[in-house]
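Hi,

Here is the structure I promised to pass on. Have a look at it first, and my notes come right after.

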Amino acid sequence: MTATLLSIRGLTKAYPGVVANDSVSFDIQQGEVHALLGENGAGKSTLVKMIYGLVKPDSGTMTWRGAEFAPPEPRAARASGVAMVFQHFSLFDALNVAENVALGMENPPPMRDLAAQIRSVSENYGLPLDPDRIVGDLSAGERQRVEIIRCLLQDPKLLIMDEPTSVLTPQEVEILFRTLNKLKSEGTAILYISHKLEEIRTLCDHATILRLGKNVGTCIPSETTAREMAELMVGDTLHTPTRTATEDGAPVLRINDLSLSSANPFGTRLKNISFTVHAGEILGIGGVAGNGQDELLAALSGEATSDTNTITVNDAPVGHLGPNERRALGILAAPEERLGHAAAPDMSLTENALLTGALRQKLTKNGFVNWNATRAFAERIIKAFDVRTPGPDTAARALSGGNLQKFVIGREVLQNPKVLVVNQPTWGVDAAAAASIRQALLDLAATGAAIVVISQDLDELMEIADHFGALNEGRMSEIHPALGLTIDEIGLMMGGADETEGAAA
Amino acid sequence: MDLSAINPVLLVASLMVAATPLLLAAIGELVVERSGVLNLGVEGMMITGAIAGFAISVETGSPYVGILAAAIAGAGLSFLFAFLTQFALANQVASGLALTLFGLGLSALMGQGYVGIRPPEMARLDIPVLSDLPVIGPILFSHDPVLYLGLALTAGVWGFLKFTRGGLILRAVGENHDAAHALGYSVIRVRVLAILFGGACAGVGGAYISLIRVPQWTEGMTAGIGWIALALVVFASWKPWRALLGAYLFGGINVLQLNLQAAGVAIPVEYLAMSPYLITILVLVIMSADKSGAPASLGRSFHASQ
Amino acid sequence: MIILEKRPEPSRLLSISTPVFAVIVTMIAGGLLFAALGKNPVEAIRTIFWDPLFGEYAFYYRPQLLVKGAPLVLIAIGLSLGFRAGIWNIGAEGQYIMGAICGAAAGLAFYPSESILIFPLMVIAGALGGWAWAMIPALLKVRFGTNEILVSLMLVYVAEQLLASMSLGLLKNPQGFGFPGSRNIAEWNAANSWIAQDYGMHWGVVAALIAVIMAYVLLNRHILGFNIRLTGEARRAARFAGVNPTRLILFCLGTSGMLAGLAGLFEVSGPSGQVSIDFNVGYGFTAIIVAFLGRLHPVGILLAGLLMALTYIGGDIAESQMGLPSSAIQVFQGMLLFFLLALDLLTNFRVKFASKGTA
């Protein structure tokens with residue numbers, strides 16, 4: 001018989017300007033997989049940080065096996081039996097696997113014993129891992145294993161997993177689910193955070209749905225349709241992107257056997273990448289994070305230069321050109337990281353408009369900046385893309401993720417690119433903003449631009465891409481028409497297995 | 001020119017003495033940088049330690065109390081840096097420079113009454129038989145205790161970083177402070193402690209110059225040794241034993257150029273005197289190709305938001 | 001429990017007012033320091049900050065403000081460009097020395113010619129000397145990724161040795177009765193930098209003002225200045241915007257070296273008058289404080305440079321009249337930078353007092 005492991009009552013946490021959690025209540029039973037479902041920004045992360053002792057609630061109570069539970073720091077939470085697998089930020093690249101595991105444990109055994117334990121646990125749960133390897137050299141899936149094993153070694157009663165599948169191929173997801181089911185059968189409760197409905201329907205016993213910090217419903221996922229859950233999660237019906245069918249135009253962007261080392265010591269080397277994008281086409285590039293996405297964007301934007309002929313646009317070689325020379329030819333890009341890469345956080349929107357717009361918008365003359373014209377350009381972006389901000393003098397970091405992303409994408413779209421490359425265009429963006437960004441990309445394609453969308457959101461790619469390819473360890477899979485691809489085929493492409501098939505695109 | 005006046009045994013022995021202030025400061029800074037903090041105030045902390053150690057030794061008559069005072073003075077000054085960078089989140093480069101400028105002024109102010117005085121001497125190790133051995137005796141067994149402290153610290157820091165949990169946590173904080181915070185480690189506490197340790201080491205290193213190496217007090221007497229110690233950490237790829245090697249190398253160069261000056265080599269004194277700095281630059285250039293040992297969070301401010 | 005909360009945007013008002021607060025707090029702390037030294041703190045502060053401007057002998061001290069302020073502003077303007085981009089030239093003292101040596105040498109080579117070309121030649125040589133000395137760390141950084149902080153600093157000590165060598169050797173006054181130091185350039189009409197010595201006006205003052213104006217235009221109106229700011233704010237964004245980091249490093253270090261070299265040349269051919277062993281008095285380091293105190297902003301630097309010049313002059317007066325040690329002023333200047341950095345916190349963060357702690 002199951003018993004309540006953790007009971008949460010009226011948990012509230014406010015940050016300046018936003019209530020992250022507003023009186024959230026629910027129970028987690030022993031030995032169940034409990035889903036915490038919600039959009040980006042719904043308050044899932046804050047909630048689990050409170051359970052893990054990283055954040056203190058403003059009000060509300062938690063009860064752990066009938067006793068009051070208010071961990072002042074993660075150490076206390078771990079001592080009670082709470083373990084957490086983080087989405088980001090919890091591994092140390094330069095340290096080895098065993099050291100990383102030791103750092104997450106209260107009283108780690110001596111290193112040699114620990115290495116033996118890691119080996120045995122990793123075999124036991126089907127997660128092979130070498131304790132002596134440097135974590136920076138591991139793939140995203142292997143890195144996650146480090147985190148999971150770190151948790152398992154502490155024999156947790158409650159395992160929190162924050163978006164664990166966002167870094168996995170479909171095949172790796174299957175392995176993970178087997179591990180989680182095994183844990184469940186051993187009596188461990190799992191709090192599973194995700195916004196992927198199908199996953200939750202296969203894996204979870206109960207689901208709690210958060211919207212804007214509030215608990216808006218609890219359901220049994222296996223008895224609820226994905227549509228019903230989506231409506232609870234989003235709150236209203238979404239505008240789905242529409243597109244006008246276009247014939248493929250002439251080839252615009254060609255990549256010919258591009259190989260390039262990464263600027264980052266723990267980055268991925270691009271290996272023999274070739275593909276072509278036609279006018280009016282959207283090429284979707286999927287793949288698990290860290291398989292060369294950043295490097296590919298840098299190679300296309302001109303931040304990393306390559307041999308002259310490896311990249312051509314309308315038959316003009318551009319591989320050796322820097323970002324501004326490429327902009328002059330109409331090749332524009334929007335990187336993944338908004339703050340610090342696509343935009344300078346402490347600079348105003350006007351200044352950020354100048355950042356990529358100087359050349360094509362003719363905002364400078366003899367090097368002198370025309371601030372009036374720049375401001376007008378920023379205002380044009382704000383208006384056309386419905387960026388919610390007091391005005392163009394606002395600092396970029398003061399904008400919400402969705403609004404800043406609209407600004408970043410809008411800045412490039414309004415410059416009439418011939419080729420546009422975007423990486424994770426809707427990452428961490430609310431659903432409404434995501435929909436409008438996707439629509440903007442579709443509209444741009446309709447005008448005859450060639451677009452490359454790099455994304456880890458497969459649903460997004462299936463929605464807007466004409467063709468689909470996947471990056472795996474810096475290699476590009478065959479490119480297939482997006483229509484009619486099955487999830488298995490996509491999985492194989494992401495896993496790097498389809499090269500051997502020799503299937504023609 | 002009389003090169004035969006240079007006695008190789010004494011040369012090696014004095015090399016070890018010349019290397020000790022560098023070693024102490026570099027080992028301290030190495031720990032600080034391993035925790036992810038760049039403290040450019042080493043020169044300021046050394047010179048403050050030099051005068052604090054000197055003054056207290058003269059006043060108390062005990063060089064040991066002086067060395068302790070130097071450690072406290074260095075740590076005290078480094079606390080200012082810790083406050084600025086860890087609590088007020090000020091830029092580390094600017095704060096380190098401020099520390100050096102402030103320390104140079106402060107030491108000159110404190111040292112006004114101590115110019116031209118001889119400090120009490122620190123007894124050298126004198127082990128019967130061992131110290132009297134030819135060659136080995138003067139090189140290994142007849143130094144002052146602080147020199148051995150420097151060697152012990154090197155071994156201690158190496159062992160601490162490699163084998164202890166504290167060392168692992170320190171390295172983790174320096175590698176990725178966000179991750180360390182997420183796992184529940186207090187980034188600020190670890191870094192403040194590292195900074196204080198670095199300050200104490202630099203202070204003792206400074207006092208070694210004013211109490212043992214020279215021994216007297218003159219304004220600005222550290223003459224860039226603190227900066228060379230910073231370069232030494234880069235040279236050492238953030239590894240303690242290589243810091244020892246580097247310190248002896250630099251100590252050797254310095255002693256050699258002083259001996260050459262004394263021996264009246266045909267090279268002008270000024271050019272010999274600038275050689276340690278030029279060699280430091282050369283070493284930095286050679287070592288800068290390999291940055292693999294550098295802690296990934298080095299120099300970045302940490303603020304736990306949300 | 002005190003909590004820091006990051007402001008969504010840095011406060012512009014506080015950004016301007018923190019230097020003023022810092023000066024006030026430093027005056028208070030400095031007063032305590034002077035009191036601890038057994039001096040009347042109010043009198044000391046008045047002697048340092050009031051007497052040079054409005055005291056009985058102000059007519060004598062006011063021109064000194066220009067003489068001491070010009071090199072500080074000139075050097076600090078150059079440093080601020082690099083500091084904004086995260087390029088740390090802290091060896092301005094060395095570049096200052098090299099500018100003086102090269103400029104003086106170029107002029108003295110033609111001694112005692114009275115050609116009007118002598119001074120312009122010296123100016124060019126001084127600028128090139130400082131520029132070349134700064135290009136050493138710049139090129140090493142660009143080519144090998146060597147840390148420019150340490151290299152530029154090491155080169156200060158090298159420059160000091162060169163200075164000693166020059167004043168004892170190559171540039172020694174042949175008619176100087178064996179005393180170290182070069183011929184007196186200030187007394188040589190074709191070569192001295194004075195415009196109106198009684199008013200403290202020399203070409204360095206003119207150069208400093210031009211530098212302030214050009215830096216202002218560069219940073220606020222020109223894309224190069226924008227790129228400098230962008231690089232300092234977000235390095236990756238700058239790369240994305242197409243900024244060439246190599247060129248930026250060469251430009252920032254080269255410019256700051258050139259300005260420091262000019263400062264040295266104007267000093268050696270005017271106020272100081274000759275190349276001598278103790279020619280440099282630390283302007284290159286004090287200029288770092290000036291740059292930060294001026295918020296790395298050209299107008300701010302102008303004001304900060306004048307303030308810092310005031311502490312030099314006032315410190316001299318306090319030394320001769322009250323016996324205040326000259327190093328006390330150095331401590332005072334150091335404290336100023338400390339307090340500025342500490343108070344800077346308020347610009348970017350809101351300080352809140354909370355009853356409950358947070359993780």
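Below is what I found, starting with a sheet in chain A and ending with a contact between two other chains. Keep in mind that this is a predicted model.

**The sheet in chain A**

Chain A has an open sheet of 6 strands, in the order 6-7-8-3-9-10, with mixed pairing. Strand 6 (82-85) and strand 10 (214-219) of chain A each have a single partner strand, so they stand at the edges with one side lacking a neighbour in the sheet. Going from one strand to the next, the twist averages 20°.

If you want a spot to zoom in on, try strand 3 (residues 33-37) and strand 9 (residues 206-211) of chain A: they run parallel and are joined by 4 bridges. Which residue of strand 9 is the bridge partner of A:Ala35? That would be A:Ala207.

Two helices pack on this sheet. Helix 1 (residues 44-51) of chain A touches strands 3, 6, 7 (158-162), 8 (189-194) and 9, and its direction makes about 150° with that of strand 7. Helix 5 (residues 140-152) of chain A touches strand 6 and strand 7; its direction makes about 180° with that of strand 6.

**Where chains B and C meet**

Chain C and chain B each put 38 residues into their contact. On the chain C side, strand 1 (2-6), helix 6 (118-144), helix 7 (148-168), helix 12 (283-293) and helix 14 (326-343) each supply at least two residues. How does that side divide into nonpolar, polar and charged residues? The split is 27 nonpolar, 9 polar and 2 charged.

Cheers

Definitions and conventions
Residues are numbered from 1 along each chain as its sequence is written. Chains are lettered from A and ligands numbered from 1 in the order in which they are written. This is a predicted model: local features need pLDDT of at least 70, side-chain atom pairs count only at pLDDT 80 or more; totals for chains, interfaces and linings use all residues. Two strands pair if DSSP finds at least two bridges between them. Axes are lines fitted to C-alpha atoms, for helices over the stretch in contact, and angles run from 0 to 180 degrees between N-to-C directions. Two residues are in contact if their C-beta atoms, placed from the backbone, lie within 7 Å. Ala, Val, Leu, Ile, Met, Phe, Trp, Tyr, Cys and Pro count as nonpolar, Asp, Glu, Lys and Arg as charged, and the others, Gly among them, as polar.
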